[in-house]
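Visitor: I am new to this structure. Please show it to me first, and then I will ask about it.

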Amino acid sequence: MKALVLTAPSEFNYDLNFPEPAPAAGEVLVKVQACGICGSDIHGMDGRSGRRQMPIVMGHEAAGEIIGLGEGVEGWAVGDRVTFDSTEYCGECPECKAGFVNLCPNRRVLGVSPGEYRRHGCFAEKIALPTRILYRIPDELPYEKAAFAEPVAIALHAVNLADGVEVGEAFTHTEHCGHDCGCEVEGEPEPNGGTAVVVGAGLIGLLVIQALKARGWEKVIAVDLDDKRLELALKLGAAEVFNARQEGLAMHIRSLCGGDGADASFEVVGAAAPLDLAIRSVCKGGQVILIGNLQPNTPFPLQEVVTRQLTIKGSCSCAGEYPEAIRRIQDGSIQVEPLLSAVAPLEEGAGWFKRLYDNKEGLLKVVLQPA
């Protein structure tokens with residue numbers, strides 16, 4: 001089959017004869033119709049992250065059609081349209097049974113090769129997947145939009161943490177509804193009514209802004225270095241936006257939120273300055289949700305956290321938010337079309353990776369079509 005293979009740092013080979021996968025027992029074979037290029041792929045392609053050891057077929061934000069069934073598969077049929085979790089979790093460990101599938105010690109992320117495993121991903125025509133990570137998508141939902149289910153689920157997971165929804169609640173819903181994406185999420189909270197700051201208006205940040213508004217947060221403030229992204233943040237629901245270069249920004253945000261700060265902040269970069277701003281922008285007893293993961297270590301304003309009694313939460317991937325993500329993409333309560341910069345065939349993937357890596361055009365999401 002055809003596949004886009006990362007063969008060396010920032011070097012790709014469009015392989016016309018990559019080995020085809022075969023579905024094992026309990027697995028299906030999916031024809032990949034759309035796969036988005038994730039920021040983690042861009043940061044990993046040059047070898048910096050250590051999680052894309054070559055050769056590797058990257059890609060985990062995807063959707064497609066089932067074209068084959070492994071032994072013992074029930075409840076799924078050839079022709080079913082699906083998206084799927086980016087993480088293969090075991091389903092048997094204590095974490096999985098408690099609903100914390102994102103923390104499974106046996107997890108393998110599609111398109112990742114950190115050293116202890118190599119799991120080829122979705123920048124290929126076909127992929128074999130266990131049925132436990134599949135989710136049906138409506139016939140009327142285009143594949144390129146369905147491929148956004150993974151980043152939308154990540155944004156919803158972070159907002160769940162701020163809303164106090166236990167991870168297990170969303171996962172229990174998934175099991176209860178049999179992956180039917182048309183129903184309401186069990187335990188979905190009442191409108192929050194609070195004020196939030198989102199530091200970083202890249203793709204995930206823009207989805208977090210929308211997820212907050214969809215969940216009823218009254219006021220969302222967005223911060224970024226890119227004025228064009230801040231303009232888009234306003235269109236997608238942010239009440240106010242600020243360039244991160246502005247002097248005294250943390251105190252200004254506090255004053256806008258009643259003098260003490262916002263109820264919660266979401267750091268969606270993973271670097272020192274954005275983390276510091278996210279912590280200093282919230283009120284006493286406020287929450288700081290950390291999503292960004294760019295740098296492994298950063299300075300930390302310890303006294304600010306201790307003396308203001310802040311709650312710091314890390315947000316890792318997602319755990320059962322896919323049904324809500326699919327529903328919100330379909331009904332438009334979270335818009336993905338404004339974030340879609342381009343749709344291109346897989347054979348042009350290397351060029352699009354370079355353009356995203358160079359970061360000169362303000363591209364947000366490029367979706368490749370292997371099929």
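Some questions and answers on the predicted model follow.

Visitor: In which order do the six strands of the open sheet lie?
Guide: The pairing in this sheet is parallel. Its edge strands, which each pair on one side only, are S12 (240-243) and S15 (311-314). From one edge to the other, the order is S12-S11-S10-S13-S14-S15.

Visitor: Which residue in S11 does Val197 stand opposite?
Guide: S10 and S11 pair in the parallel sense over five bridges. Across from Val197, in S11, stands Ile221.

Visitor: What angle does the direction of H8 make with that of S12?
Guide: Helix H8 covers residues 249-256 and packs on the sheet. The helix touches S10, S11, S12 and S14. Its direction and that of S12 make an angle of about 170°.

Visitor: Which helix gives the most to the largest nonpolar core?
Guide: This core has 52 residues, and Val152, Leu206, Leu212, Phe266 and Leu339 touch the most other members. Several elements each supply at least two residues, including H4 (149-163), S10 (195-199) and H6 (203-214). With ten residues, the one that gives the most is H4.

Visitor: Is Leu230 buried or exposed?
Guide: Leu230 is placed in helix H7. Beyond its neighbours within four places in sequence, Leu230 is in contact with Ala222, Val223, Asp224, Val241, Phe242 and Asn243. Buried means under 20% relative accessible area. Leu230 has a relative accessible area of 4%, so Leu230 is buried.

How values were computed:
Residues are numbered from 1 along each chain as its sequence is written. This is a predicted model: local features need pLDDT of at least 70, side-chain atom pairs count only at pLDDT 80 or more; totals for chains, interfaces and linings use all residues. Side-chain values use heavy atoms; hydrogens and water are left out. A nonpolar core is a set of buried Ala, Val, Leu, Ile, Met, Phe, Trp, Tyr and Cys residues joined through side-chain atoms within 4.5 Å. Buried means under 20% relative accessible area, exposed over 50%, partly exposed in between (1.4 Å probe, protein chains only). Helices (H or I, at least four residues) and strands (E, at least two) are DSSP runs, numbered from the N terminus. Contact means heavy atoms within 4.5 Å. Two strands pair if DSSP finds at least two bridges between them. Axes are lines fitted to C-alpha atoms, for helices over the stretch in contact, and angles run from 0 to 180 degrees between N-to-C directions.
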